[in-house]
Amino acid sequence: MAEALSDDVESNITNASVSVQVNYPGPKSDVQYPLNVQYCGECSLPLEYCEYGSDPERCREWLERTLPDLLNQMQSTNSSDDKGGEKKRQTRGGKGMPKGKKKSEAQKIILNKQQRKGNKYVTIVQGLASNEVDIELARKFFAQKFSCGCSKSGDDELTIQGDVVNELIDLLPEKWNQINPELIEDKS
């Protein structure tokens, strides 16, 4: 019985064989195998891709120090490819010039009081960063001044434990001269 099954399987395999032709050209005659690819010591990209890396100038300096003959060879092939020595400008996409931070005008400083459980309050201060106040420095100052916890809850927001709105109205212009007292708004 086992012989009959194995003969049956063999006959199915020979009947089902399909000839598939692969169109693979094989190794090129003018290329030396295995390929020896040189990698940049700065960006770890292959040398021909260094110009697309994060800092092509550092890659060029590394190449000058370690492989000056290869650099000269790469420059000679690049100069023959250029027409008239002008660089082509990219018209769409790609890296743009980094934009500087916008200098925003001083916004209002909003003081808000929120009630927590029972008779406990927190004071929320918004708008200090737009008035050129270092948020981390202000956080530490308020925690020490009011002997309480103070945390940074947003990019431009501090949460101070306790109801200290009245003290802040007088304290902010006194501590930071650039804060105009008219810009302080109490919303509690």
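This is a short exchange about a predicted model and the reasons behind its labels.

Trainee: How many helices and strands does the protein chain have, and what pattern do they follow?

Mentor: There are five helices and five strands. Along the sequence they read α-α-α-β-β-α-β-β-α-β.

Trainee: What is the order of the strands in the sheet?

Mentor: The order is S3-S4-S2-S1-S5. The sheet is open, and its pairing is mixed.

Trainee: What makes S3 and S5 the edge strands?

Mentor: Strand S3 (150–154) and strand S5 (184–186) each pair on one side only. Neighbouring strands of this sheet are turned by 25 degrees against each other on average, direction ignored.

Trainee: Why are S1 and S2 called a pair?

Mentor: Pairing needs at least two bridges. Six bridges join S1 (residues 109–115) to S2 (residues 121–126), so the two strands count as paired. They run antiparallel. In one of these links, Gln-114 has Val-122 in S2 as its bridge partner.

Trainee: Which helices pack on the sheet, and which strands do they touch?

Mentor: Helix H4 (residues 135–145) touches S3 and strand S4 (157–161). The direction of H4 makes about 145 degrees with that of S3. Helix H5 (residues 165–175) touches S1, S2, S4 and S5. The direction of H5 makes about 160 degrees with that of S1.

Trainee: Why is Glu-132 called exposed?

Mentor: The cut-off for exposed is over 50% relative accessible area. Glu-132 has 55%, so the label fits. This residue lies in the loop between S2 and H4. Its phi is near 60 degrees, a positive value in a residue other than glycine.

Trainee: How do you know that Ser-147 is exposed?

Mentor: Use the cut-off of over 50% again. Ser-147 has a relative accessible area of 65%, so it is exposed. Ser-147 sits in the loop between H4 and S3. Its phi is near 50 degrees, again a positive value in a residue other than glycine.

Trainee: What is the peptide bond from Tyr-33 to Pro-34, cis or trans?

Mentor: That bond is cis, with omega near -5 degrees. Pro-34 lies in the loop between helix H1 (2–16) and helix H2 (56–66).

Trainee: What makes a set of residues a nonpolar core?

Mentor: The members must be buried residues of the listed nonpolar kinds, joined through side-chain atoms within 4.5 Å. The largest such core here has 21 residues. Leu-128, Phe-142, Ile-160, Leu-168 and Leu-172 touch the most other members. S1, H4, S4 and H5 each supply at least two residues of this core. H5 gives the largest share, four residues.

Trainee: Which residues is Leu-172 in contact with, leaving aside neighbours within four places in sequence?

Mentor: They are Ile-109, Leu-111, Leu-128, Phe-142, Ile-179 and Ile-184. Apart from the largest core lies another core, of eight residues. Cys-40, Cys-43, Leu-47 and Cys-59 are among them. In soluble globular proteins, nonpolar side chains tend to be buried together.

Trainee: How much of the protein chain is buried?

Mentor: Buried residues make up 21% of the 188 residues. To count as buried, a residue must have under 20% relative accessible area. The accessible surface comes to about 15400 Å², and carbon and sulfur atoms hold 47% of that surface.

Methods. Residues are numbered from 1 along each chain as its sequence is written. This is a predicted model: local features need pLDDT of at least 70, side-chain atom pairs count only at pLDDT 80 or more; totals for chains, interfaces and linings use all residues. Side-chain values use heavy atoms; hydrogens and water are left out. Axes are lines fitted to C-alpha atoms, for helices over the stretch in contact, and angles run from 0 to 180 degrees between N-to-C directions. Contact means heavy atoms within 4.5 Å. Buried means under 20% relative accessible area, exposed over 50%, partly exposed in between (1.4 Å probe, protein chains only). Accessible areas come from the Shrake-Rupley method with a 1.4 Å probe; for residues, only the protein chains shown count as cover.
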